[in-house]
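Let's take a walk through a protein chain together. Keep the viewer open and rotate it as you read.

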Amino acid sequence: MRPLVPLQPVTQNRAARSSWHQSSFHSTRTLREAGPSVTVDSGGRRTHMTVGQVAAAGSGNVLVERSTVLDSQLGNADVEMTLERAVSMLDADHTPPARISAAATFIQHECFQKAEARKRVNQLRGIPKLLQLLKVQNEDVQRAVCGALRNLVFEDNDNKLEVAELNGVPRLLQVLKQTRDLETKKQITGLLWNLSSNDKLKNLMITEALLTLTENIIIPFSGWPEGDYPKANGLLDFDIFYNVTGCLRNMSSAGPDGRKVMRRCDGLIDSLVHYVRGTIADYQPDDKATENCVCILHNLSYQLEAELPEKYSQSIYIQNRNIQTDNNKSIGCFGSRSRKVKEQYQDVPMPEEKSNPKGVEWLWHSIVIRMYLSLIAKSIRNYTQEASLGALQNLTAGSGPMPTSVAQTVVQKENGLQHTRKMLHIGDPSVKKTAVSLLRNLSRNLSLQNEIAKETLPDLVSIIPDTVPSNDLLIETTASACYTLNNIIQNSYQNARDLLNTGGLQKIMTISTGDAYAPSKASKAASVLLYSLWAHTELHNAYKKAQFKKTDFVNSRTAKAYHSLKD
């Protein structure tokens with residue numbers, strides 16, 4: 001059985017004006033760090049420490065250590081320990097190992113939730129001394145030093161950069177590979193997670209740490225390729241794996257070059273998928289490392305179509321290139337001109353699926369699509385739900401064979417609409433926004449529009465607010481809901497009538513007119529939807545019976561919005 005527990009990231013749409021919405025866990029919410037480690041008393045309280053207590057903390061034996069600490073270097077054991085004294089003791093040539101570990105433990109203790117202490121240790125040049133001590137072949141010293149460094153870099157970017165500039169990452173990885181002490185490994189991996197939260201260090205971490213972490217932690221603990229589900233072999237445990245997946249989660253938001261390197265890393269994607277499938281099979285969809293794994297896979301699916309290695313793009317997309325239209329403009333979202341193009345794209349044969357995918361091939365495989373849908377259905381962790389929805393959103397962003405195939409798998413083969421629809425009514429607004437964005441991408445496929453309307457139309461209307469949305473998240477959600485409705489009513493009189501019958505037209509009109517001077521995305525999307533609804537001439541009488549007039553649908557505002565997207 002695997003332990004269950006919690007974390008945190010966030011989704012940012014980076015689709016600019018593109019009609020295909022992709023999401024990526026970006027730094028504002030991935031700046032999650034492994035919490036600082038602390039020495040506490042039995043009641044869980046942090047304590048002031050004397051020189052004698054520091055030495056005792058370093059050895060774990062108060063009585064013995066108190067008798068050896070009374071010498072000329074430390075003076076009176078009852079003198080209160082200071083950061084200055086502790087840093088001065090970090091000297092392998094002149095201080096016994098027990099006292100070095102005692103001093104490092106004091107620094108770890110003082111830097112727990114104390115920003116000023118972290119800054120002071122930096123000023124005292126404590127970080128170079130601590131990194132130098134990693135060479136000392138003493139488990140107690142290494143453990144204490146790593147705990148101190150972990151707390152020193154927690155939420156302190158200057159200290160993070162100092163560790164990196166002093167070649168700290170390779171030094172830490174060397175200890176990680178050599179030590180058999182689990183606590184030291186936990187401290188190092190927690191420290192690496194903290195370092196990875198700095199945007200300036202993510203690519204450095206990918207260059208210096210990715211391979212070592214994958215080969216020494218991710219692959220062995222995941223159980224891949226042996227087929228077992230997680231194996232703790234005495235040299236690894238769950239917390240170490242959790243820390244490393246948190247570190248890789250941050251690294252995966254480094255940007256396009258970082259994503260490409262991570263996709264190419266042998267065994268990484270295979271192991272992540274293997275681990276997540278294992279937790280689902282074990283009925284543990286809320287496992288906190290699973291959340292990290294899915295967030296990594298989500299980020300690696302961002303811009304996948306554009307960033308695929310040439311050997312994949314040639315085999316999957318060669319047919320796609322042959323049917324490009326003469327129109328050099330990007331395919332519009334709306335109107336008959338884009339409809340023909342969409343039909344052409346959707347006539348392209350679907351790419352064949354490999355029975356034994358490897359590496360990057362997992363990212364769009366039906367097994368992984370099924371895995372995401374299982375997590376959406378079974379997990380109650382908002383970030384796991386959001387990452388799973390976001391990965392599907394990324395994979396359906398485009399018009400080529402692969403995004404079209406993924407969309408058809410979600411809707412027709414795996415009955416994924418029922419799970420996505422439930423996410424529209426979840427409390428977390430980011431999950432809701434990502435679910436609507438996925439539906440928007442799915443609704444671009446002509447062959448799926450009626451199924452989407454049948455399953456989700458009333459739900460989409462229900463999440464549109466009665467008043468003009470004011471915060472960015474709600475504006476995005478409302479805009480995506482309106483654009484999804486627009487897609488599913490354009491080619492179907494029945495879907496347009498069903499929309500009228502929901503009674504939701506009045507609030508769509510309210511949102512359309514709400515931002516008269518500077519239309520928001522939501523008001524623009526509502527305007528486009530209204531203009532499209534009037535195109536169904538057979539519904540004009542029904543509109544009039546419902547007390548609506550032509551100018552509610554077609555006016556300067558709605559026409560401008562519609563034509564700006566059509567062109």
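What follows is a short tour of some helix pairs, a charged pair, two backbone details and a database note.

## Before you start

One thing to keep in mind: this is a predicted model.

## Helix 15 and helix 20

Start with helix 15 (residues 268–281) and helix 20 (residues 366–378), whose axes are 11 Å apart. The two pack at an angle of about 45°, so they are oblique to each other. Their crossing is left-handed.

Which residues of helix 15 meet helix 20? They are V273, V276, R277 and I280. On the other side, helix 20 brings I367, V368, M371, S374, L375 and K378 to the meeting. Sort the residues of this contact by class and you get 7 nonpolar, 1 polar and 2 charged.

## Helix 26 and helix 27

Now jump to helix 26 (residues 472–490) and helix 27 (residues 493–501). Their axes come within 6 Å and cross at roughly 135°. That angle makes helix 26 oblique to helix 27. Helix 26 puts L485, I488 and I489 into the contact, while helix 27 offers N495, A496 and L499. Here the count is 5 nonpolar residues, 1 polar and no charged ones.

## A charged pair

Side chains of opposite charge can pair when their charged atoms come close. This structure holds 18 salt bridges. One of them joins the side chains of E84 and R120, with 2.9 Å from N to O.

Look at where the two partners sit: E84 is in helix 4 (residues 83–88) and R120 is in helix 6 (residues 115–123). They are 36 residues apart, so this pair links distant parts of the chain.

## Two backbone details

Is the peptide bond from W224 to P225 cis or trans? It's cis, with omega near 5°. You'll find P225 in the loop between helix 12 (202–222) and helix 13 (238–251).

E155 is worth a click too. Its phi is near 55°, a positive value in a residue other than glycine. E155 also sits in a loop, this one between helix 8 (139–153) and helix 9 (157–165).

## A note from the database

An unreviewed UniProt entry carries the annotation "repeat: ARM" for residues 125–160 and 167–210. In the model, residues 125–160 are 72% helix and 0% strand. The end C-alpha atoms of that span lie 14 Å apart.

How values were computed: Residues are numbered from 1 along each chain as its sequence is written. This is a predicted model: local features need pLDDT of at least 70, side-chain atom pairs count only at pLDDT 80 or more; totals for chains, interfaces and linings use all residues. Side-chain values use heavy atoms; hydrogens and water are left out. Axes are lines fitted to C-alpha atoms, for helices over the stretch in contact, and angles run from 0 to 180 degrees between N-to-C directions. Helices (H or I, at least four residues) and strands (E, at least two) are DSSP runs, numbered from the N terminus. Angles under 35 degrees count as roughly parallel, over 145 as roughly antiparallel, 65 to 115 as roughly perpendicular and the rest as oblique. A crossing is left-handed if the near helix is turned anticlockwise from the far one by less than a right angle, and right-handed if clockwise. Contact means heavy atoms within 4.5 Å. Ala, Val, Leu, Ile, Met, Phe, Trp, Tyr, Cys and Pro count as nonpolar, Asp, Glu, Lys and Arg as charged, and the others, Gly among them, as polar. UniProt positions are given in the numbering used here, feature names are shortened, and annotations may be inferred rather than shown by experiment. A salt bridge is a side-chain nitrogen of Lys or Arg within 4 Å of a carboxyl oxygen of Asp or Glu.
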